[in-house]
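Let's take a walk through this protein together. Please have a look at the sequence and the model below, and then read on.

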Amino acid sequence: RAELESKKSAPAAVFSLFAEASEALTVEMNGLVELVQEYVGSIVTTTGGTMSDEQQQFVTTVINRSAKSQRLMGDLRDFANIARPDGLAREPINLIALLTDVVAAVQQSADDRGIMFVADLPADLPECIGDEARLRQMFTVTLTHAIRFTPENGDVKLSVTLREGAQ
């Protein structure tokens, strides 16, 4: 029986380790990015804002790679949270409020890339039962990726409809 219990808890232990490792890596990456940004800021200050083409290219590369690393670490942390084997919460959720918050959170990213982001949310959408934190995370990651991988000046549309007979 102890062996059976050990086998059942092994996946939970693996996911727990994965979640802890991804969180630790995220914290370290954020610290590293802050140091790099401070260093880049000091380079800009030291040069009086005038840099050679090579320095500008280096600074741009560092900033872009740092941002990409941060996003990847965030995605890893998000995956660890989504894949947790501890079950999902079952609570009433106001989907309109949740989706409105998510849309507001990703809107600036769409604006920055010149992407026309439209959310078609019906006012009469009923509450649902689910895990609000995980749904928020799923919608945020999905919309963020849709915006990230849509060509500049493209369109992203979120449309929510209630199927007839659905409760």
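Among the contacts in this predicted model that have a separation of 6 or more, 87% are made by residues 24 or more positions apart. Keep that figure in mind as you trace the chain, which has four helices and four strands. Going along the sequence, you will meet them in the pattern α-α-β-α-β-β-α-β.

Now turn to the surface. The protein has 167 residues, and 23% of them count as buried. About 11,600 Å² is exposed, and 57% of this area comes from carbon and sulfur atoms.

Next, let's visit the second largest pocket, which has a volume of about 170 Å³. Its lining is made up of 13 residues, and those nearest the centre are Q70, R71, G74, D75 and D78. Which helix gives the largest share of this lining? That is helix 2, with six residues. Helix 2 spans residues 53-82, and at least two lining residues also come from each of helix 1 (2-46) and helix 4 (132-148). If you sort the lining of this pocket by class, you find seven polar residues, five charged residues and one nonpolar residue.

Helix 4 also brings us to the salt bridges. How many does a search of the whole structure find? The search finds two. In one of them, the side chain of D101 meets that of R136, with 3.7 Å from N to O. D101 belongs to helix 3 (residues 95-112) and R136 to helix 4, so this pair ties together parts that lie 35 residues apart in sequence.

The other salt bridge joins the side chains of E132 and R136, at 3.2 Å from N to O. Here the partners are both in helix 4, four residues apart, so about one helical turn separates E132 from R136. R136 takes part in both pairings, and the shared partner joins D101, E132 and R136 into one network.

Are the members of this network buried, exposed or something in between? D101 is partly exposed, with a relative accessible area of 43%. E132 is partly exposed as well, at 28%, and R136 is also partly exposed, at 27%. To see the network for yourself, find R136 on helix 4 and look from there to D101 on helix 3, then along helix 4 to E132.

Definitions and conventions. Residues are numbered from 1 along each chain as its sequence is written. This is a predicted model: local features need pLDDT of at least 70, side-chain atom pairs count only at pLDDT 80 or more; totals for chains, interfaces and linings use all residues. Side-chain values use heavy atoms; hydrogens and water are left out. Buried means under 20% relative accessible area, exposed over 50%, partly exposed in between (1.4 Å probe, protein chains only). Contact means heavy atoms within 4.5 Å. Accessible areas come from the Shrake-Rupley method with a 1.4 Å probe; for residues, only the protein chains shown count as cover. On a 1 Å grid over the protein atoms alone, a cavity is a set of points where a 1.4 Å probe fits but cannot get out, and a pocket is an open set with protein on both sides within 12 Å along at least five of seven lines; lining residues have an atom within 4 Å of a point. Grid points are joined across faces, edges and corners, and a volume is the space filled by probe spheres set on the points. Ala, Val, Leu, Ile, Met, Phe, Trp, Tyr, Cys and Pro count as nonpolar, Asp, Glu, Lys and Arg as charged, and the others, Gly among them, as polar. A salt bridge is a side-chain nitrogen of Lys or Arg within 4 Å of a carboxyl oxygen of Asp or Glu.
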